[in-house]
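Let us go through the terms used for this model and check each against its definition.

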Amino acid sequence: MSRAEVSGSAQHTGTREGAGAGAGGAGAGGVDARRTARPLWSLGLLRNEVGTTFRRWRTVVLLAVLAAVPVLIGIAVKIETGGEGGGAGGGSGGAAFVSQITNNGLFLVFTSLAVTLPVFLPLAVGVVAGDSVAGEAHTGTLRYLLVAPAGRTRLLLVKYATTLTFCLVATLVVAASALVTGALLFPVGEVTLLSGTTVPFGEGLLRALAIAAVVTLSLIGVAAIGLFVSTLTNSGIAAMATTVGLLIMVQILDTIPQLHAIQPYLFTHHWLSFADVLRDPVYWDRLQQNLGLQALYAAVFGSAAWARFTARDITV
Amino acid sequence: MTQQSAGDRVIETRGLTKRYRGGQLAVDRLDLAVPRGSVFGFLGPNGSGKTTTIRMLLGLIEPSAGGARLLGEPMPRAARRVLPRVGALIEGPALYGFLSGRDNLVRFDAADPAADPRTRARRVDQALDRVGLAAAARKKARAYSLGMKQRLGLAAALLQPRDLLVLDEPTNGLDPQGMREIRTLVRELAGDGTTVFLSSHLLDEIEQVCTHAAVMARGRLITQGTVAALSADTRGRLTVGTPDAADALRVLKEHGITDLVVTEERVTGDLPAPPAGPPDLADVNAALVRAGVRVRSFGTERASLEDVFVQLTGEGFDVAG
Ligand SMILES: Nc1ncnc2c1ncn2[C@@H]1O[C@H](COP(=O)(O)OP(=O)(O)OP(=O)(O)O)[C@@H](O)[C@H]1O
Ligand SMILES: [Mg+2]
């Protein structure tokens, strides 16, 4: 504390003169009572939130695990097919692509996304989304953000936008790791699509990028569910566990044949439709169903999160 | 308490009530009036509803009934306009352990949409400097001691020049130097025209810095007013230090002083209430000396805020359920 020399008296004048600095010259400059919010300044919180999220150890570890998956798949395929040709084992979703990896490293991208989309990616998103509000409540920082004042709606939007940014980054990390691993371990070249037509490598890359976009958008539903759960509790761990638990439950429901009537409405149901991007022409039906369903989940659970968070007593 | 126009009140509550979901009535029809420019001590035993009141004032929890105005505007409706002008420390600091002290402040500042990002770095450094944390600014907050965390929490409240500071237990965990510095800081801020609303259990702390005070018990406001007026209600005692206690006792009794107590070489007693007295203390002293009483010390002890507090809220130690 810089100024120790002040008068001992705690007497005050009744009113203040305007917005000028007080006699003591407050360290932070003149008292400006009429500061007002600026739309552009509002974006500062989003920037800070994204930066803070990606600086956390937990986020870095999650991304590292995601980056390791394609490497492991690549090495496994390389070992399994070493010397002899053919012979594909492989993950459930990516079975169609695995056999092609040895011919074209680009297929490691499709395989890796197909393997990580059902489990690893939504799990990571569940962790980030579940912790987003509940984690702040748990540490008590939520009350200081709110009296800053971050604004409840603004804070919620920032949290959701940051979670979506994480969805995008996580997907790109998987894709980039797969691309590099694929290019190092296997030959790359023209891509034979699922419909049999062959396209140049450049177009194959573009389609890979399009798939990454579809995978990212496939995660906005689970991100919204995580955000909603996160507004319900003051424990980040509980919110993460609940979100991941819901995800697993929905995945199980999606495999029970007797439930086929409700399955089209489960947010995981159309996830693997992204393979349709690899057809010529692209099949839009299931892609559209998937994205429509994700938008519906985002709208419903986003609204629920908003209704809950804006009405909630912050007692921690 | 003098009558003031509503515009001069920085905090004003009317019938403010909070019943928690469990049915606990935490704050019961509170009518609080904090004049502009005051350093206002908010007192009460544990669980009397101070933090609950502060949370309602800042829009963190919704009142069950009644309302509050902060800086003349209704809360929580006007939160966006009002809160940038209010700095707060609520139930101790809360920090991001994985961020440095400095980055913690940057984050809280970024949360304020009325904070200019161009001056952010400078304001953060000044706030750190002000609470004596400049040297530890790059340390991770999880490695801070309790007092350092408290100081960082205060720094967050000082990121901007504020019209009102709401400080819930600001000296909690601070070393004696820290407490002194907080006192100095509060006086300095008050000198600059900031109203300071301060809750604390350290009553001599409050007595040293506050101009006004309010006392809560079991969710209800027992009294509020200037500290001088509160202490005046509890009359002080006259204390005479002398080896001639017996003679002193006689002389004091003659001057209408009651409830006389002799302890070793000290005689204390209550001065008579206004209609009959109190007598001019100079006369009393002269009478003692005339009577051959050798006086070592002579004076009144004003009732401390602690005396007032205990008198108002009772001696009992147990927290009300
Ligand atoms: N989240 C909550 N849910 C239910 N009851 C609560 C909650 N928070 C506080 N209370 C109750 O409300 C009453 C007032 O609590 P409050 O925290 O406002 O007291 P306080 O005056 O700040 O006490 P202290 O001096 O210990 O900080 C207490 O009886 C407490 O048990
Ligand atoms: Mg409290």
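Q: What makes a residue count as near ligand 1, and which come nearest?
A: A residue is near if one of its heavy atoms lies within 4 Å. There are 13 residues around ligand 1, and B:G47, B:K50, B:T51, B:T52 and B:H201 come nearest. Ligand 1 lies between chains A and B. This is a predicted model, in which local features need pLDDT of at least 70, side-chain atom pairs count only at pLDDT 80 or more, and totals for chains, interfaces and linings use all residues. Residues are numbered from 1 along each chain as its sequence is written, chains are lettered from A and ligands numbered from 1 in the order written, and side-chain values use heavy atoms, without hydrogens or water.

Q: How do you know that B:T52 makes a polar contact with ligand 1?
A: A polar contact is a pair of N or O atoms within 3.5 Å (within protein, one must be able to donate a hydrogen and the other to accept it, and residues adjacent in sequence count only if both atoms are side-chain atoms). A polar side-chain atom of B:T52 lies 2.5 Å from an oxygen atom of ligand 1, so the pair qualifies. B:K50 also qualifies, with a polar side-chain atom 2.7 Å from a ligand oxygen. For B:Q24 the distance is 3.2 Å, so that pair passes too. The protein covers 68% of the 640 Å² of accessible area that ligand 1 has on its own (Shrake-Rupley method, 1.4 Å probe).

Q: Which element gives the largest share of the shell around ligand 1, and how do the shell residues divide?
A: Helix α1 (residues 50-57) of chain B gives the largest share, 3 residues. Helices are DSSP runs of H or I with at least four residues; strands are runs of E with at least two; both are numbered from the N terminus. The shell divides into 3 nonpolar, 9 polar and 1 charged. Here Ala, Val, Leu, Ile, Met, Phe, Trp, Tyr, Cys and Pro count as nonpolar, Asp, Glu, Lys and Arg as charged, and the others, Gly among them, as polar.

Q: What makes a space a cavity, and how many of 30 Å³ or more are there?
A: A cavity is a set of points, on a 1 Å grid over the protein atoms alone, where a 1.4 Å probe fits but cannot get out. By this rule there are 3 cavities of 30 Å³ or more. The largest has a volume of about 160 Å³, the volume being the space filled by probe spheres set on the points.

Q: What lines the largest cavity?
A: Its lining has 14 residues, with A:Y144, A:A148, B:F108, B:A156 and B:R162 nearest its centre. A lining residue has an atom within 4 Å of a point. β7(B) gives the most, with 3 residues. The lining divides into 9 nonpolar, 2 polar and 3 charged.

Q: Why are β1(B) and β2(B) called paired?
A: Two strands pair if DSSP finds at least two bridges between them. β1(B) (residues 9-19) and β2(B) (residues 25-30) have 3 bridges in the antiparallel sense, so they pair. B:R19 has B:L25 as its bridge partner. The two strands form a hairpin with 5 residues between them, and B:G23 in the turn has a positive phi of about 100 degrees.

Q: How do you know that β13(B) and β14(B) pair?
A: 4 bridges join β13(B) (residues 258-263) to β14(B) (residues 266-270), so the rule is met. The strands run antiparallel. B:T258 stands opposite B:D270. This hairpin has 2 residues between its strands, and B:E264 in the turn has a positive phi of about 45 degrees.

Q: Which peptide bond leading to A:P149 is cis, and where is A:P149?
A: The bond from A:A148 to A:P149 is cis, with omega near 5 degrees. A:P149 sits in the loop between α6 and α7 (152-185) of chain A.

How values were computed
On a 1 Å grid over the protein atoms alone, a cavity is a set of points where a 1.4 Å probe fits but cannot get out, and a pocket is an open set with protein on both sides within 12 Å along at least five of seven lines; lining residues have an atom within 4 Å of a point.
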